[in-house]
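Colleague: I'm new to this one. Could you walk me through how to read it?

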Amino acid sequence: MAIAFVQSARSQTNASTTVTTYGSATTAGNLLVAFGYTNAATASLTITGWTKAVDTSYSGIAQSLAIFYKIADGTETTVTLNGNTICRQHISEWSGCSNPAVTDGSNSNAVNTVTSINTNSITTTVANTLLLCAGGISTSGAGTRSWDSSFSTMLDDASAPRLLSGYRIVSSTGTYSTTGTLHTSTTNSGAVILAITAASAPTTVNSGFFGLM
C-alpha cells in the first residue's frame with residue numbers, strides 16, 4: 001500500500017498546553033504524527049498516549065522540539081500537547097504506514113546566528129518511506145519558510161515562535177536530510193527529522209536531530 005497524506009491541522013497557544021482539532025474523523029489503522037514546540041530548556045513536551053520518536057532536548061537553550069506518533073483507533077478528534085508557557089503543534093494523518101517501530105538516533109550542533117535550519121542526515125534501510133521534518137524557530141520575520149531537497153512544507157506558523165513542518169515520500173533507500181530556509185536571521189532554533197516505513201515493508205524507523213543556537 002502506497003503512503004499517502006490524509007490531513008493536517010495546527011494550533012498556537014501562549015500557555016502550557018495547546019489542543020489541535022482534526023478537520024475530519026481519523027481512520028483506524030492510519031498513522032498519526034504530531035510535531036511539537038515549547039519554550040523550555042529541556043524536552044518537557046508530552047502527548048498522553050503517544051510515542052515520542054525524537055526530540056532535541058536542548059541543553060541551555062530555552063526551547064524544545066519533538067515528533068510524536070501513534071496508530072489511529074478512529075476515535076481521535078483532538079490532540080493535546082503539554083509543554084511550558086508557549087506551545088505550538090502541527091498534527092497530520094497518513095495512510096499506508098501503520099505499525100512502525102522506533103530506533104532513535106540523534107546529533108546536535110550550535111551556532112550563534114542563522115538564516116537556515118539543517119536537520120542532520122538519516123540513512124534509511126527500507127524503501128517506501130515517509131520522511132518527516134520540523135524546525136523550531138524562535139523569531140518571526142517576513143518571507144515564506146520552506147524546505148529543500150524535495151521536502152514539501154506541510155505547515156508554517158505565522159507568528160513567533162514559529163513551528164515549520166515538512167515531509168517527503170521516497171521509494172528507495174538512501175541518505176536524506178533537508179534545510180529549512182528562514183528568510184531572517186534568528187537564534188535559539190533547531191530541527192528534527194524522522195523516517196517511518198510503509199506498512200508493507202519491514203517495520204523500522206530512523207531518526208535524528210540537529211539543534212541550532
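Modeller: Sure, let's start with vocabulary: helices (H or I, at least four residues) and strands (E, at least two) are DSSP runs, numbered from the N terminus. This is a predicted model, where local features need pLDDT of at least 70 and side-chain atom pairs count only at pLDDT 80 or more, while totals for chains, interfaces and linings use all residues. Residues are numbered from 1 along each chain as its sequence is written, and side-chain values use heavy atoms, with hydrogens and water left out.

Colleague: How many helices and strands are there in the protein?

Modeller: Zero helices and 17 strands.

Colleague: What share of the residues is buried?

Modeller: Buried means under 20% relative accessible area, exposed over 50%, and partly exposed in between (1.4 Å probe, protein chains only). Here 52% of the 213 residues are buried.

Colleague: And how do I read contacts?

Modeller: A contact means heavy atoms within 4.5 Å. Among the contacts in this protein with a separation of 6 or more, 76% are between residues 24 or more positions apart.

Colleague: Now the sheets. How do strands hold on to each other?

Modeller: Strands of a sheet pair through backbone hydrogen bonds, either parallel or antiparallel. Two strands count as paired if DSSP finds at least two bridges between them. In this model, five strands make an open sheet, ordered β1-β7-β3-β5-β4, with antiparallel pairing. At its edges are β1 (4–13) and β4 (51–55), each pairing on one side only. Neighbouring strands of the sheet are turned by 20 degrees against each other on average, direction ignored; the axes behind that are lines fitted to C-alpha atoms, for helices over the stretch in contact, and angles run from 0 to 180 degrees between N-to-C directions.

Colleague: Which strands does β3 pair with?

Modeller: β3 (residues 31–38) pairs with β5 (residues 64–71) over eight bridges, in the antiparallel sense. Look at F35, whose bridge partner in β5 is I67, and at G36, which is matched with A66. β3 also pairs with β7 (residues 87–95), antiparallel and over eight bridges; there V33 stands opposite S92.

Colleague: Is β3 buried or exposed?

Modeller: Eight of the eight residues of β3 are buried, so the strand is largely enclosed by the rest of the structure. Both faces are covered: L31, V33, F35 and Y37 lie on one side, and L32, A34, G36 and T38 on the other.

Colleague: What does a hairpin look like here?

Modeller: Try β12 and β13, which form one with five residues between them. β12 (residues 152–156) and β13 (residues 162–170) pair in the antiparallel sense over four bridges, and S152 has Y167 as its bridge partner in β13.

Colleague: Where is T178?

Modeller: T178 sits in the loop between β14 (175–176) and β15 (179–186). With a relative accessible area of 1%, T178 is buried. Leaving out residues up to four places away in sequence, T178 touches I117, N118, T119, C133, W147, D148, S149 and F151.

Colleague: What does the side chain of T178 reach?

Modeller: A polar contact is a pair of N or O atoms within 3.5 Å; within protein, one must be able to donate a hydrogen and the other to accept it, and residues adjacent in sequence count only if both atoms are side-chain atoms. The T178 side chain reaches the backbone oxygen of D148 at 2.8 Å.

Colleague: How many disulfides does the structure hold?

Modeller: A disulfide is a pair of cysteine sulfur atoms within 2.5 Å, and the structure holds zero. As for cysteines, C87 is buried at 0% relative accessible area, and C133 is buried at 0% too.
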